[in-house]
Amino acid sequence: MPATILIVEDEPAIAELVSLHCRHAGYTVKVAHAVLDARDVVDETLPDLVVLDWMLPGQSGLVLARQWRSASRTKELPIIMLTARGDEVDRVAGLDAGADDYIAKPFSPREVCARVRMVLRRIARSAPLSNNPSVFTMNESHGIITFYGERLSLTRYEFLLLKTLLNEPLRIFPRQLLMDLIWTDAMD
């Protein structure tokens with residue numbers, strides 16, 4: 001399933017340009033032209049990433065980014081600021097407000113898509129697979145895993161090895177310890 005990108009941009013031509021390139025890159029795209037519209041979209045369904053303009057009618061995108069970062073449901077929402085405010089002080093303010101990346105206008109639509117891919121890759125690498133059921137599920141009773149919707153059958157030892165590694169994802173296991181743990185679990 002393609003990632004959903006929310007583009008929050010009040011200038012229709014820019015919103016359409018970014019939207020078109022993101023769709024051609026294979027993403028599902030939603031567009032909001034104001035902060036209230038963006039909030040409605042996010043409240044309805046959390047997108048995978050937001051491309052957010054700073055200067056929006058009614059309220060700034062910078063304030064919206066801070067609000068999303070402070071709310072538990074949206075605190076991890078990836079945000080790329082896309083704005084005419086390109087001075088160093090503005091870039092720093094945008095990143096400090098919670099943006100994962102910052103692109104100043106004028107911009108290349110291809111670069112925007114490349115940065116979207118980069119942020120999504122970084123988020124995917126940092127998210128533990130075992131906590132994201134849409135990516136990875138385990139059925140312990142049958143020794144079956146599902147990875148991105150594809151069902152894979154494992155041997156008992158392969159399953160125990162994977163389970164051991166996922167239970168402590170930041171731990172480095174010496175080979176012998178893994179063998180001892182898996183052999184012990186297999187005997188139970």
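The paragraphs below walk through a predicted model of one chain, from its overall makeup to its sheet, its cores and a few single residues.

The chain has 188 residues, of which 37% are buried. Its secondary structure consists of seven helices and eight strands. About 11,200 Å² of the chain is exposed, and carbon and sulfur atoms account for 56% of that area. Among contacts with a separation of 6 or more, 53% are between residues 24 or more positions apart.

The sheet is a convenient place to start. Five strands form an open sheet in the order β2-β1-β3-β4-β5, and their pairing is parallel. At the edges are β2 (28–32) and β5 (101–104), each of which pairs on one side only. From one strand to the next, the twist averages 20°. In general, the strands of a sheet pair through backbone hydrogen bonds, in either a parallel or an antiparallel sense.

The sheet can be followed from the β2 edge. Strands β2 and β1 run parallel and are joined by five bridges; in this pair, L6 has K30 of β2 as its bridge partner. The connection uses helix α1 (residues 12–24): β1, α1 and β2 together make a right-handed β-α-β unit. On its other side, β1 (residues 4–8) pairs with β3 in the parallel sense over four bridges. Here I5 is matched with L49 of β3.

Strand β3 (residues 49–52) has buried side chains on both faces: L49 and V51 point one way, V50 and L52 the other, and all are buried. Three bridges join β3 to the parallel strand β4 (residues 79–83), with M81 in β4 as the bridge partner of L52. Between these two strands the chain passes through helix α3 (residues 61–70), and this β-α-β crossover is right-handed. The sheet then continues from β4 to β5 through four bridges, again in the parallel sense.

What fills the space between these elements? Nonpolar side chains in soluble globular proteins tend to be buried together. The largest nonpolar core in this model contains 21 residues, and L6, V8, L52 and W68 have the most contacts inside it. Each of β1, α2 (35–44), β3, α3 and β4 supplies at least two residues of this core. A second core, separate from it, has 19 residues, including A3, I5, Y27 and V29.

Two of the residues with the most contacts inside the largest core, L52 and W68, can be followed outward. Leaving aside neighbours within four places in sequence, L52 is in contact with V8, with G61, L64, A65 and W68, and with I79, I80, M81 and L82. W68 is in helix α3. Which residues surround W68? Beyond four places in sequence, its contacts are A38, V42, V50, L52, T74, K75, L77 and I79. The C-alpha atoms of W68 and I79 are 9.5 Å apart, with their positions 11 residues apart in sequence. W68 counts as buried because its relative accessible area is 6%, below the 20% cut-off.

T83 belongs to strand β4. Is T83 buried or exposed? With a relative accessible area of 0%, T83 is buried. Its bridge partner in β5 is A104. Apart from neighbours within four places in sequence, T83 is in contact with D53, W54 and M55, and with Y102, I103, A104 and K105. K105 also takes part in a cis peptide bond, which joins K105 to P106 with omega at about 0°. P106 itself is in the loop between β5 and α5 (109–126).

The last residue to consider is I182, in helix α7 (residues 175–187). I182 has a relative accessible area of 7% and is therefore buried. Its contacts beyond four places in sequence are Y157, L160, L161 and T164. One of these, L160, is 22 residues from I182 along the chain, and the two C-alpha atoms are separated by 5.9 Å.

Key:
Residues numbered from 1 in each chain as written. Predicted model: local features only at pLDDT ≥ 70, side-chain atom pairs only at ≥ 80, totals over all residues. Heavy atoms only, no water. Buried < 20%, exposed > 50% of the residue type's maximum accessible area, 1.4 Å probe, protein only. Contact = heavy atoms within 4.5 Å. Areas by Shrake-Rupley, 256 points an atom, 1.4 Å probe, with all protein chains shown as cover. Pairing = 2+ DSSP bridges. Right-handed = clockwise from strand over helix to strand, strands pointing away. Core = buried A, V, L, I, M, F, W, Y, C linked by side-chain atoms within 4.5 Å. Axes fitted to C-alpha atoms, helices over the stretch in contact; angles between N-to-C directions.
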